[in-house]
Number of protein chains: 4
Amino acid sequence: MTSRPYDDLPTVRYEGPDSRNPLAYRWYDADRVVLGKTLAEHLRPAVCYWHTFCWGGQDPFALGADVFRRPWSDGDPLAAAQLKLDNAFDVFRVLGLPFWCFHDRDVAPEGATLRASNAMLDAVLERAARKMQDSGVRLLWGTANLFSHPRYMAGAATNPDPEVYAYAAAQVKHALEWTQRLDGANYVLWGGREGYETLLNTDLRRELDQYGRFLAAVVEHKHKIGFRGTILIEPKPQEPTKHQYDYDTATVHGFLQRYGLEGEVKVNLEVNHATLAGHSFEHEVATAAALGLLGSIDANRGDEQLGWDTDQFPNNHVQLVPAMLEIIRHGGLGQGGMNFDAKVRRQSIELTDVLIAHVGGVDTLARAFLCAAALHESGDLEHPRDERYAGWDGALGQAILGGSGLDALADRVHAQDLSPQPRSGRQELLEQLVNRHV
Amino acid sequence: MTSRPYDDLPTVRYEGPDSRNPLAYRWYDADRVVLGKTLAEHLRPAVCYWHTFCWGGQDPFALGADVFRRPWSDGDPLAAAQLKLDNAFDVFRVLGLPFWCFHDRDVAPEGATLRASNAMLDAVLERAARKMQDSGVRLLWGTANLFSHPRYMAGAATNPDPEVYAYAAAQVKHALEWTQRLDGANYVLWGGREGYETLLNTDLRRELDQYGRFLAAVVEHKHKIGFRGTILIEPKPQEPTKHQYDYDTATVHGFLQRYGLEGEVKVNLEVNHATLAGHSFEHEVATAAALGLLGSIDANRGDEQLGWDTDQFPNNHVQLVPAMLEIIRHGGLGQGGMNFDAKVRRQSIELTDVLIAHVGGVDTLARAFLCAAALHESGDLEHPRDERYAGWDGALGQAILGGSGLDALADRVHAQDLSPQPRSGRQELLEQLVNRHV
Amino acid sequence: MTSRPYDDLPTVRYEGPDSRNPLAYRWYDADRVVLGKTLAEHLRPAVCYWHTFCWGGQDPFALGADVFRRPWSDGDPLAAAQLKLDNAFDVFRVLGLPFWCFHDRDVAPEGATLRASNAMLDAVLERAARKMQDSGVRLLWGTANLFSHPRYMAGAATNPDPEVYAYAAAQVKHALEWTQRLDGANYVLWGGREGYETLLNTDLRRELDQYGRFLAAVVEHKHKIGFRGTILIEPKPQEPTKHQYDYDTATVHGFLQRYGLEGEVKVNLEVNHATLAGHSFEHEVATAAALGLLGSIDANRGDEQLGWDTDQFPNNHVQLVPAMLEIIRHGGLGQGGMNFDAKVRRQSIELTDVLIAHVGGVDTLARAFLCAAALHESGDLEHPRDERYAGWDGALGQAILGGSGLDALADRVHAQDLSPQPRSGRQELLEQLVNRHV
Amino acid sequence: MTSRPYDDLPTVRYEGPDSRNPLAYRWYDADRVVLGKTLAEHLRPAVCYWHTFCWGGQDPFALGADVFRRPWSDGDPLAAAQLKLDNAFDVFRVLGLPFWCFHDRDVAPEGATLRASNAMLDAVLERAARKMQDSGVRLLWGTANLFSHPRYMAGAATNPDPEVYAYAAAQVKHALEWTQRLDGANYVLWGGREGYETLLNTDLRRELDQYGRFLAAVVEHKHKIGFRGTILIEPKPQEPTKHQYDYDTATVHGFLQRYGLEGEVKVNLEVNHATLAGHSFEHEVATAAALGLLGSIDANRGDEQLGWDTDQFPNNHVQLVPAMLEIIRHGGLGQGGMNFDAKVRRQSIELTDVLIAHVGGVDTLARAFLCAAALHESGDLEHPRDERYAGWDGALGQAILGGSGLDALADRVHAQDLSPQPRSGRQELLEQLVNRHV
């Protein structure tokens with residue numbers, strides 16, 4: 001195998017819905033303007049380093065060996081990391097997507113000390129900086145891997161050993177500063193091991209306080225160095241630990257308020273994390289929007305029959321329309337975007353499978369967005385919704401929201417012998433209206 | 001059938017673990033002192049009106065008819081309600097439990113107007129007040145049913161129609177004032193239909209604001225009338241609606257902060273609601289304790305294979321020990337207690353099944369509490385836990401919690417070439433230690 | 001309200017994808033020929049009596065009252081049943097669908113004795129027979145309700161009381177004979193309460209034997225009376241009971257073989273029953289097809305976040321394409337069809353909601369079928385699949401299937417130092433190929 | 001670290017319920033006679049090689065590195081395998097358990113060819129044979145790993161490539177013959193990758209036929225070589241693949257009948273596999289017993305909040321009592337036993353955690369068995385159950401089971417105006433009776 005197998009592949013182009021070319025976009029017409037912006041500006045799609053260049057296709061359950069053999073799979077770790085970087089930027093070019101995103105330990109190997117790890121990270125990211133400049137590919141977010149190394153076995157910020165906290169803080173400092181230098185639009189914290197395996201050995205209040213202090217320190221450092229990106233937390237209910245502190249958006253909402261971090265931190269929402277927490281994806285998006293926390297999107301989906309995070313590329317645009325609608329209603333993602341923290345299936349061992357997965361995934365997002373935009377513009381849902389709540393803009397509604405107490409309302413009910421009648425929620429009609437646009 | 005079938009039954013007594021009498025307590029020795037209080041003072045067990053006297057044994061899924069034929073099942077509604085009350089106090093007496101709790105519409109029927117409903121409620125609760133005085137049975141909590149009537153089909157406080165909100169407010173006023181008059185220790189709000197069926201017709205932010213205002217109005221009224229009980233919210237993730245706003249403790253925590261109600265409202269935690277939300281029961285208890293929200297307990301359990309709230313009486317004391325331990329660590333439930341919002345199985349159609357279910361349930365709680373108390377006193381778990389976090393009481397831990405930033409910590413890591421080593425979490429040992437006490 | 005509110009509504013027509021009329025079909029062009037038959041012949045859609053005319057919109061969990069007020073909701077039971085029948089045939093006419101299906105106790109009320117119940121059923125079905133003749137609407141299946149009445153609380157065939165078995169047998173006899181008289185294409189058995197609540201009081205082997213004998217008796221009676229329809233079992237894993245004996249297709253497959261009923265009985269597969277059993281719907285269809293058991297389809301879907309049977313009308317055609325493809329690969333449903341054992345949401349209280357739900361549901365099925373037919377005809381999936389298994393049509397594959405033993409195969413492996421290499425499963429490509437047709 | 005860290009540890013002894021020694025049995029008194037046999041003869045507990053000596057403590061989800069550093073973790077693979085074997089027999093001696101069990105590739109490494117792999121396996125198992133003789137430890141079962149190597153990525157018997165089938169057949173031949181030579185009581189097939197990832201590329205019927213032929217070939221070879229152990233299939237619903245063909249006991253039941261293998265193959269039931277399939281463990285045991293398939297037990301449990309196989313050591317004896325009762329009712333496990341295919345938690349990195357986990361696990365099984373035996377002997381459940389079904393031993397019951405048809409039964413119902421009355425299922429009472437014995 002050549003060491004740069006993607007090097008001579010042409011860039012994937014938009015060819016329209018009738019194309020039969022598996023390496024063409026059928027829906028993602030990057031420059032198409034809808035709702036006042038291009039599709040690329042709405043979606044801001046990003047290729048992730050993590051699963052796409054680092055995952056080896058292991059079977060997580062059956063101790064199954066790596067099945068992906070890549071040119072950068074073996075050899076001297078730092079040289080392999082540089083070769084991986086070259087290949088990654090080859091893929092970015094082939095796919096023609098505007099963003100990438102990374103974990104520090106995926107970009108460069110772990111050394112014997114943090115200083116050594118930092119030095120290797122510097123070496124690879126210096127090269128990445130040049131490649132970004134040359135290619136125009138931008139950074140959606142950077143992050144630090146605070147979960148794979150054995151030292152993080154029992155958490156990073158929430159570790160019972162404060163030395164581990166210190167190590168994590170130092171690692172985040174370096175990753176955050178690199179994210180600033182690469183002009184990243186966001187910095188992500190995924191609390192992979194910030195949780196517990198058993199309450200029998202866990203002091204929940206201590207760990208929450210540690211975690212709150214850690215997040216505050218990250219926010220302080222952001223301001224100290226003048227980083228203008230958004231700090232994002234990525235909620236996930238469990239896995240790898242039994243229970244994680246960033247369970248879902250509502251949990252993060254309470255946590256941020258408790259530690260005075262509202263307005264400083266938003267959420268990076270993953271479809272499959274939402275469903276593992278018992279929510280629809282659109283629920284998480286709508287909740288984050290309502291609470292002022294909507295930051296960015298991690299577009300990989302789960303398998304409806306499986307109880308773990310399968311991180312599959314999206315393939316059903318109909319299912320994504322409601323979430324896209326919530327994003328549109330909210331006015332878009334701002335500095336956020338849509339990354340593919342997705343992995344090709346273990347059996348998809350060919351290099352081309354990686355490309356096809358991204359093409360299909362981007363097309364699914366684009367198609368869902370276009371449907372949601374058309375739905376939104378039609379007013380088919382918006383008008384009935386406004387009408388449904390119209391009473392709250394009237395005198396009684398305003399009086400209630402203005403502070404009417406139980407006594408005043410009881411007087412009114414008795415005086416008028418109020419007997420409000422139920423009205424149809426018209427769910428089937430609304431579902432039919434959505435289907436006009438998909 | 002006689003109209004008072006429980007009337008001549010003897011009171012259930014504590015007979016010890018070797019008793020073979022199904023109508024004797026084997027573990028609930030009400031006056032036994034442990035950890036400085038009697039078992040009755042720790043558990044404060046309460047019989048619920050709801051399932052025990054009002055549920056007819058319908059099959060919720062297959063439109064199955066009522067199977068329970070009670071003396072109070074038919075006849076003039078108000079007369080039947082009075083007969084039901086007499087029977088309820090008969091059961092309280094037979095079981096010898098210190099508390100009861102009620103929903104307004106279970107105590108008395110719905111009338112043509114709220115005024116008429118209130119009048120019937122007054123008639124029955126006047127009689128209840130006398131019976132409480134005579135029997136010494138106290139009220140753990142009262143509540144208003146804001147979910148069964150068609151008017152509440154689309155929510156009470158979160159209804160798109162403000163008239164429904166007004167009606168609900170008036171209904172709560174009456175139930176809250178009766179709860180005060182009956183010297184209830186708590187007042188509960190279960191947001192049964194405060195949620196949504198589909199986001200397609202829902203304005204999440206509006207509904208949250210309505211709900212926040214409603215809860216604030218209840219708290220204001222409590223202070224206005226001088227009610228000294230605790231206001232409790234009962235979290236539940238879904239069912240009857242697809243998604244409910246009081247999903248779990250963490251969600252309620254965020255909600256209370258958002259609407260300035262922290263310190264005013266606590267949670268009433270149900271085992272099965274916890275598990276439907278994807279949490280262990282002990283997780284919900286520990287979270288509520290850590291966040292200062294632990295109010296009261298609803299002890300009915302679910303079925304591990306079923307995806308809805310089965311409301312079964314508890315029968316596995318081992319499973320409850322971790323939650324009891326969290327309650328003990330927290331210093332107990334204060335004004336809260338443990339109610340049985342549980343129902344006998346549909347096929348348990350005999351009047352005696354109701355008694356046996358309560359006896360078995362109370363015994364399971366008592367046994368779990370006794371085990372947890374012994375475990376707590378032994379220090380078997382407490383010592384290893386303190387030791388595990390000892391570093392956080394040392395210099396580094398205190399510096400971190402005192403505000404060390406990323407720069408300072410990175411300096412320290414590099415200066416000392418820190419390389420913290422993982423330590424065993426010893427989960428299997430801790431589980432074995434628990435088993436010494438069950 | 002008039003007693004025949006649907007009477008003067010026009011029949012729903014096909015108006016094509018661009019129609020904005022909620023009472024028009026956008027995809028269900030009944031006479032459109034695809035794969036050699038009309039859409040109506042492929043789908044054989046059927047309106048169900050059960051939820052559409054009998055369910056009152058109760059809240060199953062919160063003891064919520066009926067919210068649907070229909071002209072036939074009150075009054076003398078038999079007269080109401082006749083009025084309900086008239087309205088049902090009005091709806092069949094408005095929807096223009098070719099089939100209906102019924103449960104005996106939905107058509108006519110339960111009497112004091114089975115004889116009385118039978119007489120009322122006769123009265124209503126005599127009228128139905130005339131209406132079928134007049135309208136041309138045919139019967140997809142009939143069935144007996146062996147689950148709502150208290151006598152069936154602990155099962156029908158699997159009841160511990162053989163008298164209940166006898167009663168059920170007599171009831172099925174009458175329903176089966178009426179199904180024959182109305183020229184029903186199938187007769188369905190849904191074992192709603194053929195299961196257990198707790199193993200503590202259950203003799204599994206006895207109950208399986210009872211159930212096997214019951215099913216055999218139904219098959220014997222079918223042959224005795226010369227009924228030419230198919231006997232169908234409808235698998236469901238749980239609900240109303242904790243565990244049901246017809247858990248899923250594979251379970252039914254084992255059961256039928258054990259009691260010598262293979263070749264006599266097929267399955268009626270419901271989408272939501274599949275997902276409750278932990279399977280995708282396409283899995284159940286493909287399994288039934290592979291095992292020779294594919295009978296008919298119950299098209300209602302579930303809610304991905306809810307753990308009970310929500311019986312919603314289908315609304316996502318993309319999700320149904322894989323199952324439709326399996327049906328097409330199998331050569332269609334034969335005497336089966338696709339019924340809507342679906343219910344409008346509790347809040348959809350308007351009479352028109354019922355029509356809109358069916359229109360949207362039929363359109364979803366039609367669109368999914370058309371997509372699957374195009375996909376099938378394209379060969380996009382079929383060619384790669386044939387190629388994937390080509391080795392099994394070669395010499396080694398045939399030798400293995402012809403009976404090669406471990407010794408012979410080991411000799412071959414060692415002689416050739418066989419080292420088979422993995423090949424990509426190409427899942428993302430195949431998903432992209434599907435998306436070309438949706 | 002010494003290379004034989006367990007070598008000088010004393011053997012774990014029974015010290016009774018009051019012992020506070022974490023390396024003593026509190027309930028497993030191996031020679032205690034109950035129900036006519038010793039506890040060791042009832043339970044036949046086995047240590048598994050797989051997780052206990054081979055798993056490295058990886059985080060399956062977060063690509064987390066190995067955290068267990070064992071003396072046999074590094075170095076020349078074959079030498080490490082021999083050292084691992086020595087340590088394994090040290091652990092068997094310390095725990096004092098009568099059985100072990102193994103996968104071929106856990107015992108010895110994979111070589112470049114199957115011949116090379118076999119040679120290494122031979123080298124290690126020759127040594128194992130001597131150690132078994134010296135120690136008296138016996139083999140509960142052997143098995144072949146047909147899932148970890150990339151060649152098995154798309155299945156072994158069900159691979160689309162018949163060469164993979166051949167390779168698997170050759171591998172099983174060797175493992176089966178070694179199992180015979182080591183006098184194994186059973187031979188297990190776990191179809192880890194016998195399933196599918198997506199139906200889009202799967203021919204279900206072909207794969208089932210391949211699998212049926214494979215299993216038949218194993219059975220033929222067993223008879224050919226005169227192996228007297230039982231062939232066991234281990235059902236599992238999914239994981240590692242999306243859907244596995246041995247979903248649960250009922251599925252295996254249908255499969256065995258289809259391929260004429262009933263009476264030849266039984267099941268090895270794992271607690272966590274049962275719960276992942278939507279069943280209680282006692283359901284799987286009772287079903288296997290009723291269908292004549294009960295073979296052996298894999299005692300590791302899951303986590304109720306997690307959707308994957310966590311393989312935890314059992315720690316709640318109350319939960320296991322119903323399954324133990326079903327085993328006792330069935331007359332025991334015969335040649336089967338109870339193995340711990342369990343793993344210590346990832347954070348349990350000490351060598352002693354492995355011992356403590358087994359001690360706690362064995363104690364949990366022993367305590368559950370003792371409770372179930374007492375319950376069984378008391379008749380507390382058996383008498384009410386017999387009485388509940390008494391009608392089926394009477395005239396009507398016998399007539400029905402003897403073949404009464406619908407006509408005869410309908411005649412009887414009408415002649416007698418039968419109206420069977422429901423009887424209480426008494427679930428709460430039965431649960432209370434169980435609790436007398438736990």
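How many residue pairs are in polar contact across the interface of chain B and chain A? The rule finds 40 of them, with both partners at pLDDT 80 or more. Keep in mind that we're looking at a predicted model here.

Let's stay with this interface for a bit. On the chain B side, helix 7 (residues 204–225) gives the most to the surface touching chain A, with 12 residues. Sort the residues of that side by character and you get 44 nonpolar, 25 polar and 25 charged. In all, 94 residues of chain B are in contact with 94 residues of chain A. The size of an interface is often given as the accessible area lost when the parts come together. For chain B and chain A, that comes to about 8600 Å², 62% of it on carbon and sulfur atoms. Within chain B, the residues that lose the most area to chain A are Leu200(B), Tyr389(B) and Leu406(B), which together account for 10% of what that side buries.

Side chains of opposite charge can pair when their charged atoms come close. Between chain B and chain A, the count is 6 salt bridges. One of these joins Lys224(B) to Asp407(A), with the closest N and O atoms 2.4 Å apart. Another pairs Asp393(A) with Arg206(B), at 3.3 Å from N to O. This second pair crosses from the loop between helix 13 (382–388) and helix 14 (395–401) of chain A to helix 7 of chain B. Arg206(B) has a relative accessible area of 26%, so it's partly exposed.

How do these two copies sit relative to each other? Chain B superposes on chain A through a rotation of 180°, with 0.0 Å of shift along the axis and an RMSD of 0.0 Å. The two copies are therefore related as by a two-fold rotation axis. If you want to find that axis from chain B, look for Gly254(B): its C-alpha is the nearest one in that chain, 1.8 Å away. Both copies use the same surface, as 100% of the contact residues of chain B recur in chain A.

Now turn to the interface of chain A with chain D. Here 32 residues of chain A are in contact with 32 residues of chain D, and the two chains bury about 3100 Å² between them, 63% of it on carbon and sulfur atoms. Three residues, Phe61(A), Met153(A) and Gln347(A), supply 20% of the area that chain A buries against chain D, more than any other three. The rule finds 8 residue pairs in polar contact across this interface, and the side of chain A that touches chain D divides into 17 nonpolar, 7 polar and 8 charged residues. There are 4 salt bridges between chain A and chain D, including one where the side chains of Arg193(D) and Asp59(A) meet at 2.4 Å, N to O.

The superposition works here too: a turn of 180° and a shift of 0.0 Å along the axis lay chain A on chain D with an RMSD of 0.0 Å. In chain A, the C-alpha nearest this axis belongs to Gly307(A), 2.0 Å from it. Once more the same surface serves both copies, with 100% of the contact residues of chain A recurring in chain D.

Over all chains, the salt bridge count comes to 102. Chains C and B share one between Lys242(C) and Asp303(B), at 2.8 Å from N to O. Lys242(C) is in the loop between strand 10 (230–233) and strand 11 (243–244) of chain C, and Asp303(B) is in the loop between strand 13 (294–298) and helix 11 (317–330) of chain B, so the pair joins two chains. Lys242(C) counts as buried at 11% relative accessibility, and Asp303(B) is buried as well, at 14%.

Within chain C, Asp86(C) forms a salt bridge with Arg127(C), the closest N and O atoms being 2.8 Å apart. Asp86(C) sits in helix 3 (residues 77–95) and Arg127(C) in helix 5 (residues 114–135), so the pair ties together parts that are 41 residues apart in sequence. Asp86(C) is buried at 7% relative accessible area, whereas Arg127(C) is partly exposed at 28%. In chain B, a network of salt bridges links Arg4(B), Asp7(B), Asp86(B), Asp90(B), Arg127(B) and Lys131(B).

Conventions
Residues numbered from 1 in each chain as written. Chains lettered and ligands numbered in written order. Predicted model: local features only at pLDDT ≥ 70, side-chain atom pairs only at ≥ 80, totals over all residues. Heavy atoms only, no water. Contact = heavy atoms within 4.5 Å. Buried area = accessible area lost by both parts, 1.4 Å probe. Polar contact = N/O pair within 3.5 Å; in protein donor to acceptor, adjacent residues only side chain to side chain. Nonpolar A, V, L, I, M, F, W, Y, C, P; charged D, E, K, R; others polar. Helix = DSSP H or I, 4+ residues; strand = E, 2+ residues; numbered from the N terminus. Least-squares fit on C-alpha atoms with pLDDT ≥ 70 in both. Buried < 20%, exposed > 50% of the residue type's maximum accessible area, 1.4 Å probe, protein only.
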